[in-house]
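Reader: I've got the sequence and the coordinates open, and I'd like to poke at the cavities, the odd backbone spots and the helix packing. Can we go through them one by one?

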Amino acid sequence: MKSMLSALLFSAATAILPITLSAQATSYPDKPPLLLGAAWYPEQWPESRWDADLSLMEAAHINLVRVGEFAWSTMEPAENQYNFAWLDRAIALAAKHHICVVLGTPTAAPPAWLTAKYPDTLRVDENGVRDEHGNRQQFSFASTRYRQFAHDIAEKMAERYGHNPNVVGWQLDNEYAAPSFDPEAKAQFHAWLKKKYGTIENLNQHWTTAYWSQTYDNFDEIPVRQEGENPGLLLDWKHFVSDTWKSYSENQISAIRPHADKRQFITTNTMGWFDGFDEYVVHSVLDIAAWDDYVGSQYDYIDNGARHDLARGFKNKNFWVMETQPAFVNWRPVNAAIDRGQVRDMAWQAIGHGAEAVEYWQWRSALNGQEQYHGTLVGADGTPVPVYDEVKQVGEEFEKVGQALAGTAPQSAVALINDYDSRWAINFQRHNRNFDPVAEMLAFYTPLRNQAQAVDVISVRAPLDKYKLVVAPGLNVLPQDVAAHLLAYVKQGGNLVLGPRSGMKDEYNALHIERQPGPLVDALGGRVEQFYALDNAVPVNGELGSGTASLWAEQLSTKSPDTHVLLSYGPSNGWLDNQPAVITRKVGKGSITYVGAWLDAALLAKLTSSLLEQSGVRPVLQNVPEGVEVCQRTGAGKSVLVLINHNQTAAHVDLPQAMTDLLDSSHVRRTSVDLPKYGVAVLEM
Ligand code: GLA
């Protein structure tokens, strides 16, 4: 299995994704097309209670539970003494209630006997402090011994449930997050560097260690830190962490896959914009992407939609929402609930962006434990809390329209690049503390999503041929092979947009010896003369209108007569006065545009609108009121629109043709829809 998997892997540092991926629906012959679920912890309750819980779930049209991801001490109460009888019965009882199961491997919460007997399996933080029992995620992701235990428990589970018809898939661990700085992890990092660089001289050269006498004589001397170090070291540490989470996953996959039916997927649950490791590297060994969709108290539907698109881009196909909040969480400074109606709104947004399952965390709070205040679907007394009815409505609706959505997925002509190397490189040295790479991605995503009504968020190494417009907001790290990949896209007629700070660094996080955008200077016929962090906004104007730049402004120049200035700076610090801020050039059948400034939202919207028009991208629906989101899923000969009114007031939407209202039981045909506050319409075109 391992060799087959590794054949499919791409090495983060060098390769373009080898396989041609296209957006597609995931389908599971043994499950309803849309799943509604809850995280259920039978090990926390007397068995006499289970039937009541499952009955209440069934009544809410819940047809999926995730079970087991923190239950190691119940599954293996003492070393090599297993107890799965309770889990057998829990899965069987769920089946009786027509509820299928995702099994979590319990490795995010090792039992006390394990870490007491083998303290070397415990995570060590950057300051050398070893974790202890009582919380979770206290293991070292690099520990050989821990991986052996993880392999064994995963294998035991797979032997037992790999052919269980009611188990539809596997979640590895839970929310991979913190790396470890224990001696074994450090030694592995040194070995990883040795493998990558071959000789210490090679490393010294790429990291320019002559600077501050950093020159190393051998790999063991290299410090293991994630802050304040040489940028080359910092980037390599992130690559090492990504590879280590990948091999952490492969370890469990190699335990499960030989015993599991092919229909059972293997995934893990991820955390939106979290940048602790490169998600594309880790997802190269997973079957589907799944993420935990939490908005806390503020449902910003644009940001949340972008995070769905990000998750879809991990495998370039439909994904699962493995966890979402039943109105409120317990980990914000103020855990206000989102409004009544917004839980349903969020569920439909997930589906609109390509989710095939929406699962609430959690069904019921443990009577004790760290999360007593978190939102649930039933209370401490085991009866429904108010949000239960809203979830039940979602369940009824999923059942109604599931078939119409089967085999469909969002399709987009626009891609936004999410590049971890660049995000890390910028975050290591922001230069302007307010320059947040994710905020910059969202600055571009917002008008693109509003105007085109569909955006894929993808790796810069993904195939680009199907896109009319590719926008890389801050592609700070631009290795030669990636530049060649982008140039090939442009030469085939693609329209490429680079945002501020692009093309500054190579894959070692060293400065390119050309000015920005480095290897793309010739194609652009222009370059960055100097970059400036801004503490005050600077005027910007040109053929697209007038506005301002803030946070960041690059003084551009044109070198080629056919490179065209779209926007220039007005009077400001003298350096920028009257200098180009945005330049563009036709290259072959395509174009390259360089945006050197963090533009204000209105001016950026004018720019993206002109770029979309030039690229021939049309929205699905015209004249949609602000705050109404349009999502389209197509495939299997079908085209379904999900319209969501995120506003607190009603909205009216005219349709270009009569469409069937799938949420209406009589399937009425409509040429317009009236959406109440937080209202949803699902329409078949
Ligand atoms: C994460 C975890 C869950 C739970 C929720 C609470 O997503 O995966 O176990 O702690 O947060 O919001």
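Reader: Let's start inside: which residues line the second largest cavity?

Author: First, a caveat: this is a predicted model. The second largest cavity has a volume of about 80 Å³. Helix 14 (420-428) and helix 15 (437-452) each supply at least two residues of its lining. The full set is Ile417, Asp419, Ser422, Arg423, Ile426, Pro437, Glu440, Met441, Ala472, Pro473, Gly474 and Leu475.

Reader: And how does the lining of the second largest cavity divide into nonpolar, polar and charged residues?

Author: Asp419, Arg423 and Glu440 are among the residues around the second largest cavity, and they belong to the charged class. Counting the whole lining of the second largest cavity, the split is seven nonpolar, two polar and three charged.

Reader: How many cavities of 30 Å³ or more does a search of the whole structure find?

Author: Empty space shows up when a probe the size of a water molecule is rolled over the atoms. With a floor of 30 Å³, the search of the whole structure comes back with five cavities.

Reader: Now the largest pocket: which of its lining residues are the closest to its centre?

Author: The largest pocket holds about 1100 Å³ of space. Its lining counts 38 residues. Those closest to the centre are Phe70, Asn135, Arg136, Trp361 and Glu371.

Reader: Which helix gives the most to the lining of the largest pocket?

Author: By class, that lining has 14 nonpolar, 17 polar and seven charged residues. The helix that gives the most to it supplies three residues, and that is helix 3 (residues 72-75).

Reader: Trp361 caught my eye. What kind of peptide bond joins Trp361 and Gln362?

Author: Most peptide bonds are trans. Gln362 sits in the loop between strand 9 (355-360) and helix 13. For the bond joining Trp361 and Gln362, omega is about 0°, and the bond is cis.

Reader: There's a cis bond at Pro517 too, so where does Pro517 lie?

Author: A cis peptide bond joins Gln516 and Pro517, with omega at about -5°. As for the location, Pro517 belongs to the loop between strand 13 (495-498) and helix 17 (521-524).

Reader: What about Thr208: is its phi positive or negative?

Author: Most residues other than glycine have a negative phi. Thr208 lies in the loop between helix 8 (200-206) and helix 9 (231-256). Although Thr208 is not a glycine, its phi is about 45°, which is positive.

Reader: On to packing. Are helix 12 and helix 13 roughly parallel or roughly perpendicular?

Author: Packed helices are described by the angle and the distance between their axes. The axes of helix 12 (residues 342-352) and helix 13 (residues 387-405) come within 9 Å and cross at roughly 25°. Angles under 35 degrees count as roughly parallel. That makes the arrangement of helix 12 and helix 13 roughly parallel.

Reader: What does the contact of helix 12 with helix 13 have by class?

Author: Helix 12 passes helix 13 in a right-handed crossing. Among the residues making the contact are Val343, Trp348 and Ile351 of helix 12 and Val391, Phe398 and Leu405 of helix 13. By class, the tally for the contact of helix 12 with helix 13 is ten nonpolar, two polar and three charged residues.

Reader: Helix 7 and helix 9: roughly parallel or roughly perpendicular?

Author: Helix 7 (residues 183-197) and helix 9 pack with their axes 10 Å apart, at an angle of about 105°. Angles of 65 to 115 degrees count as roughly perpendicular. Therefore the relation of helix 7 to helix 9 is roughly perpendicular.

Reader: Last one: is the crossing of helix 6 and helix 9 left-handed or right-handed?

Author: Helix 6 (residues 144-161) packs on helix 9 at an angle of about 35°, with axes 7 Å apart. Tyr146 and His151 are among the helix 6 residues there, meeting helix 9 residues including Tyr248 and Asn251. The crossing of helix 6 and helix 9 is right-handed.

Note on methods
Residues are numbered from 1 along each chain as its sequence is written. This is a predicted model: local features need pLDDT of at least 70, side-chain atom pairs count only at pLDDT 80 or more; totals for chains, interfaces and linings use all residues. Side-chain values use heavy atoms; hydrogens and water are left out. Axes are lines fitted to C-alpha atoms, for helices over the stretch in contact, and angles run from 0 to 180 degrees between N-to-C directions. Helices (H or I, at least four residues) and strands (E, at least two) are DSSP runs, numbered from the N terminus. Angles under 35 degrees count as roughly parallel, over 145 as roughly antiparallel, 65 to 115 as roughly perpendicular and the rest as oblique. A crossing is left-handed if the near helix is turned anticlockwise from the far one by less than a right angle, and right-handed if clockwise. Contact means heavy atoms within 4.5 Å. On a 1 Å grid over the protein atoms alone, a cavity is a set of points where a 1.4 Å probe fits but cannot get out, and a pocket is an open set with protein on both sides within 12 Å along at least five of seven lines; lining residues have an atom within 4 Å of a point. Grid points are joined across faces, edges and corners, and a volume is the space filled by probe spheres set on the points.
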